Amino acid sequence: MIRRILRRAVRYGYTFLGRKEAFMYALLPVLISSMGSAYPELKAQQELIAKVMKEEEDSFLRTLESGIKLLDKKIEELGSKGILSGHDAFVLYDTFGFPLDLTELILREHGMQLDQVGFDEEMAQQKARARNAAQLETEDWMVLHEGESIFVGYDQTDVECRVLRYRKVKQKNKDFYQVVLSHSPFYAEMGGQVGDSGYLMAEDETRYLIRDTKRENNLPVHLMDKLPEDLSQTFHAYIDTDRRRMAEANHTATHLLHKALRDVLGEHVEQKGSFVSPEVLRFDFAHYNKLTSEEIRRVEEIVSSKIRQNITRKEYRNVPIEEAKKMGAMALFGEKYGEEVRVLQYDDSIELCGGTHLPATGMIGTFRIVSESSIAAGIRRIEALTGSNADRYLYEKEDTLAEIKALFNNNPKVVNSIRKLIEEETQLRSEIDLLVRKQMAQKKAAILTQHDYIGSIRFLYLEGEYRADAVKDIAFQLRGELEEPFIFLAATQEGEKCLLSIALSDAAVALGANASNLVRSASSFIKGGGGGQPHFATAGGKDISGLPKAVEYIKQEIQSL
């Protein structure tokens, strides 16, 4: 399949996937060597770069395969000289990443056109949706006091403060306020870690909710739905300590996870992004292969071991960047750092980080990886849980296993029981398929006794409850056995769905019959749709009562030939 797609890709101008492939890989070492002095990271990760390039190529081929399948289906439904709607072209482009110019080339090859106006409208609507989703209307800042906000959240969870300034904001038709405090224990979202929530307590002990803390142009702002009437008073700011501790557990776990991945997979592993909330952690990293279950288990074991050791955090603030590198702190390629940085160390895990972390690893509790996947060429993503969230995840697994055991009368060898059940089901399916083939062989023999004609075209008919694949087998067997002009029409049911299947001999197609056109037109009687090729086509619908009318319509169309 991949070779066929590759040949087609080259045919449509994507020659860099074919003839130029060897040239690209041969040129890679030369390029890296020439740039290595300025970018030493390139030479250090030459093997990774080559594998990522190969994965990008394979990914593009998979995109071509999915897109071509969908486009071929649309071409069959529309028939020659048709126009592909702008919506369908946009789905190919937006959902499958299928290049628009390639769509146009394939359509032209089939004598078809693209609704460019419709495509442009779909693209404009998408851009408008994106703009509306991100649109933020802000009023001017109301300044109450001069000065800059001071973050004290590394050391304190509450602090006395004043409101320096605020402004009203509207987004998605919802009003709220951005507030800047003189001193704040609230961590503003940055570096993948979500912002803190909590409340401001006024002098009369009234509490005003702070639902999130963001960073706007490097300014920490506290999001509030309601402001105190008297903003000139002194407040006390409190963060939600439970939520902060859960986020810190996940953030600390990402540092242990990063080191464990490098230990298990190799030094090429490098963080490419992260998301840390109280509920879950996501960690994106450079790697070229899917992790095996053994590798995932080994990573979990290393992180869990670090947790049980209850390693105390070592924190170094305002460290010169060069000194931090000498300490072994990992600096991410492409990241911008100031002259002074903050270093977090848990044993042999040493990283530059501005987030909040636990005093010791033992406070993480439990760590479990729940998924591992690819998000881009050469980039993998791990999602994991810690603490009570990880415990709940394990409880759910235990409950599922208990339910499965109960279904097998608490058999301690439940895996063997399930394996035996699957084998029995496979055997039964084989026996059912054999019976169906025998039944359909008998049905085909009965069909061949039919000698009805519509004009010069022999009419063969099947009705009843049959599987779609069995009907298709009969259709193609008839095409291989009969040379005279014929139409095989099946009006059948499969479950609650009704099906129309039409097979035409090449001689019937030569007379002007077209199975795809016939089935598309007749599908309206069964409230459905379908299509196919001139010699074979199918349609599905939900109105079984419309089958007789659909059959009569097809007969009349054949008669008109």
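**A colleague's notes on the fold**

1. Leaving aside neighbours within four places in sequence, Ser197 is in contact with Phe186, Ile210, Arg211, Asp212, Tyr238, Ile239, Asp240 and Arg243; contact here means heavy atoms within 4.5 Å. Where does Ser197 sit? You'll find Ser197 in the loop between β9 (183-184) and β10 (198-201). Ser197 counts as buried because its relative accessible area is 11%. For that label, buried is under 20% relative accessible area, exposed is over 50%, and partly exposed lies in between, with a 1.4 Å probe and protein chains only.

2. A word on ground rules before going on. This is a predicted model, where local features need pLDDT of at least 70 and side-chain atom pairs count only at pLDDT 80 or more, while totals for chains, interfaces and linings use all residues. Residues are numbered from 1 along each chain as its sequence is written, and side-chain values use heavy atoms, leaving out hydrogens and water.

3. Now the whole chain. The protein chain has 16 helices and 27 strands; these are DSSP runs numbered from the N terminus, helices being H or I over at least four residues and strands E over at least two. Of its 561 residues, 42% count as buried. Among contacts in the protein chain with a separation of 6 or more, 63% come from residues 24 or more positions apart.

4. On to a sheet. Three strands form an open sheet in the order β17-β18-β19, with antiparallel pairing; two strands pair if DSSP finds at least two bridges between them. β17 (314-320) and β19 (349-352) are the edge strands, each pairing on one side only. On average, and ignoring direction, neighbouring strands of this sheet are turned by 20 degrees against each other. β18 (residues 340-346) pairs with β19 over four bridges in the antiparallel sense, and Gln345 stands opposite Ile350 in β19. Helix α8 (residues 241-265) packs on the sheet, where α8 touches β18 and β19, and its direction makes about 115 degrees with that of β19. Axes are lines fitted to C-alpha atoms (for helices, over the stretch in contact), and angles run from 0 to 180 degrees between N-to-C directions.

5. Staying with α8, how does it pack against helix α9? α8 and α9 (residues 293-308) have their axes 9 Å apart and pack at an angle of about 135 degrees, which makes α8 oblique to α9. The bins are under 35 degrees for roughly parallel, over 145 for roughly antiparallel, 65 to 115 for roughly perpendicular, and oblique for the rest. The crossing of α8 and α9 is right-handed: the near helix is turned clockwise from the far one by less than a right angle, whereas anticlockwise would be left-handed. Contact residues include Leu256, Leu257 and Ala260 of α8 and Val299, Ile302 and Val303 of α9. The contact of α8 with α9 divides into 10 nonpolar, no polar and four charged residues. Here Ala, Val, Leu, Ile, Met, Phe, Trp, Tyr, Cys and Pro count as nonpolar, Asp, Glu, Lys and Arg as charged, and the others, Gly among them, as polar.

6. One more α8 item: Ala247 lies in that helix and is buried, at 5% relative accessible area. Not counting residues up to four places away in sequence, Ala247 touches Val276, Ser277 and Pro278. The C-alpha atoms of Ala247 and Gln193 are separated by 7.5 Å, though the two residues are 54 apart along the chain.

7. For a second helix pair, try α12 (residues 414-447) and α13 (residues 468-481), whose axes come within 10 Å and cross at roughly 45 degrees. α12 and α13 are therefore oblique to each other, and their crossing is right-handed. Among the residues making the contact are Val436, Met440 and Ile447 of α12 and Val471, Ile474 and Leu478 of α13. The residues of this contact divide into seven nonpolar, one polar and three charged.

8. Last, a hairpin. β7 (residues 163-171) and β8 (residues 174-181) pair in the antiparallel sense over eight bridges, with Val163 opposite Leu181 in β8. Two residues lie between the strands of this hairpin, and Lys172 takes a positive phi near 55 degrees. β8 also runs antiparallel to β13 (residues 219-224), joined by three bridges; the bridge partner of Gln178 in β13 is Leu223.
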